[in-house]
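Please open the structure in your viewer and keep the selection tool at hand. The stops below follow one another, each beginning with something to select.

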Amino acid sequence: MQRLTEQQIATLSAAANSAENWQNILVSEDFDPTKVRSCHFEGVVEIEGGTTLIGSTICNYHIGANSHIESVTRLECRTASSFGNGVSVAAVNENGGRSVIIYNELTAQTAYIVAMYRHRKDIVEASNSFARHYALLLHKNIGTIGKNCKIIGTKFVREVNMEDNTTIEGASLVQNGTLLSGAYIGVDVKAVDFIAAQNSTIDCGAIVDRCFIGEDSILTKGFSAVNSLIFAGAHLEHGECCAIFAGPYVVSHHKSSLLIAGMFSFLNAGSGTNQSNHLFKCGAIHQAVHRRGCKFGSNGYVMNPAAEGEYTTILGRHTKHHDTSAFPFSYLIENQGISLLMPGFALRSYGIVRDIEKWRTRDNRKFRRDIISYDEYNPYITSKVMKAIELLEAQLAENSEQWHYNNTLIKRGVAQRGLALYKSYLTAALGAMLSVGKADQLAISSVTDKWVDLAGQYVSGEWLEKVLESSSSATHIEAALLDHHKRFDNFAYSWAVSALSKLLGRVAEIEDIAAAVVAGKEAHEAMRRVTDADRLSDIGAPMSVGYGTDSDDEAVRWADFCAVHGLE
């Protein structure tokens, strides 16, 4: 970079540009002063070639090549900043007991460990120390706009770094943040103390305050997010969230929905979804854990603290602080103030099949820092199903017609049907895991009943504990997690062999494994026949009511229905 020549200053002045001090304006050798019009410069401004600047006030910024800045009231770095890095986000618990310090390279897995493993003070402090050091390295008095960036029609951009190929267009206020490559901030947005990860979008009046917005996530149509960690693939519209940890693919599209003080992952939030974390005693101290794949029906309500098992559908209002973590694939239904639990019943629903399959097809990320496991059959959920089977068998042996479980009610007939569904899933899951992968010494040595869903990644609990014991940095942990992900099939295979051996009461032989693979395929196909039948109930003739509106001919009604739904 070099100071302006007298000729360049003259050209700039003639085009209605001004500066506090022209000597503080530095440009690259290929700078073209004819591309700058009606701008005012304050402090130190550095401009690379190919950049167009029109009608803006710019203070203390480096502007990369081939960028376009037009009609910006103030693009300014008023004070030394780390540009959103180092901001502490009070996720999960609104009182800050699970706060995570955000930085550009934060992953969902690291954030999960920091937020949820507070008992591991050494790991939490090491991660926070790394985050603070990272933020300190970025602490500067001058902001950076990367190459091929756009800032157009925006009021105030203050203490914001923009990586290459990022855009701010029509925003009201963007302050103390970073846009990573490909990120977009649009019309009427107010974003303060934030990081927008690669290819994320914040648009159409969204409000973001103290948040990390993950890869390919979309916040739009007036959505409000405060003190929240939102990771890959989220799509949030109209509603609001406060103090949440949103793992991959959290989806909410309704104005009346509130997500607050909890963990969510692969979520579908119906209209009116709501939670309470304030019982008017000790303040907003309560939290909930809504595990992978939970769905809230319209007006679904949960009073925190509470927890549900994976892929649980929540219908009605639940105020008794239930914990159904032990029963994945369930329905939790309110009936006259009582929370009825139907273990395993979601396994009959085509909706679960669609939910499990659709996320993988929607993952179009070009940049993948968050690790996501999509495997339908895996040790994490299968181990839970095995424990659910044990619990149901023990309860059914008591021969009671119904029983209370963690502030829910389970009826005997429901438990019997749920037990059969769980057993079918177990057979299918073991067969699927035994049909892929191979014996792996590391995987064999890490076989354990305990698995965790680490914000989207299935991980062996015993293996993770060893990594945490031996790791001194988030970087080392993330490298180990990536290696685990690459070898997941081997981990799953070794776990399945161990599980099969326990079921047989002896070491599983090659013949046992082969038989389990065959049985698994048969069980999977049988389950699919049930879910396919459920799908047909949603696209059958009884559902064609209201089609063929202007005809009394049943054939026309059915033809209209088929055309709309793409059926032959």
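Select His238 in this predicted model. With a relative accessibility of 28%, His238 is classed as partly exposed, because that value falls between the 20% limit for buried and the 50% limit for exposed residues. The residue belongs to the loop that connects strand 23 (235-237) with strand 24 (240-246). Its backbone deserves inspection: phi is positive, about 70°, although His238 is not a glycine. Most residues other than glycine have a negative phi.

Next, select Thr220, which has His238 among its contacts. Thr220 is part of strand 21, residues 218-220. Is Thr220 buried or exposed? Its relative accessible area is 8%, so Thr220 is buried. Leaving aside residues up to four places away in sequence, display its contacts in two groups: Asp203, Cys204 and Ala206, then His235, Leu236, Glu237 and His238.

Move on to Phe329, in the loop between strand 35 (323-324) and strand 36 (331-335). Here, too, a residue that is not a glycine has a positive phi, in this case about 55°. Phe329 has a relative accessibility of 1% and therefore counts as buried.

Finally, select Asn304 and Pro305 together and examine the bond that joins them. The peptide bond is cis, with omega at about 0°, whereas most peptide bonds are trans. Where is Pro305 found? Pro305 sits in the loop between strand 31 (301-303) and strand 32 (306-308).

Conventions. Residues are numbered from 1 along each chain as its sequence is written. This is a predicted model: local features need pLDDT of at least 70, side-chain atom pairs count only at pLDDT 80 or more; totals for chains, interfaces and linings use all residues. Side-chain values use heavy atoms; hydrogens and water are left out. Helices (H or I, at least four residues) and strands (E, at least two) are DSSP runs, numbered from the N terminus. Buried means under 20% relative accessible area, exposed over 50%, partly exposed in between (1.4 Å probe, protein chains only). Contact means heavy atoms within 4.5 Å.
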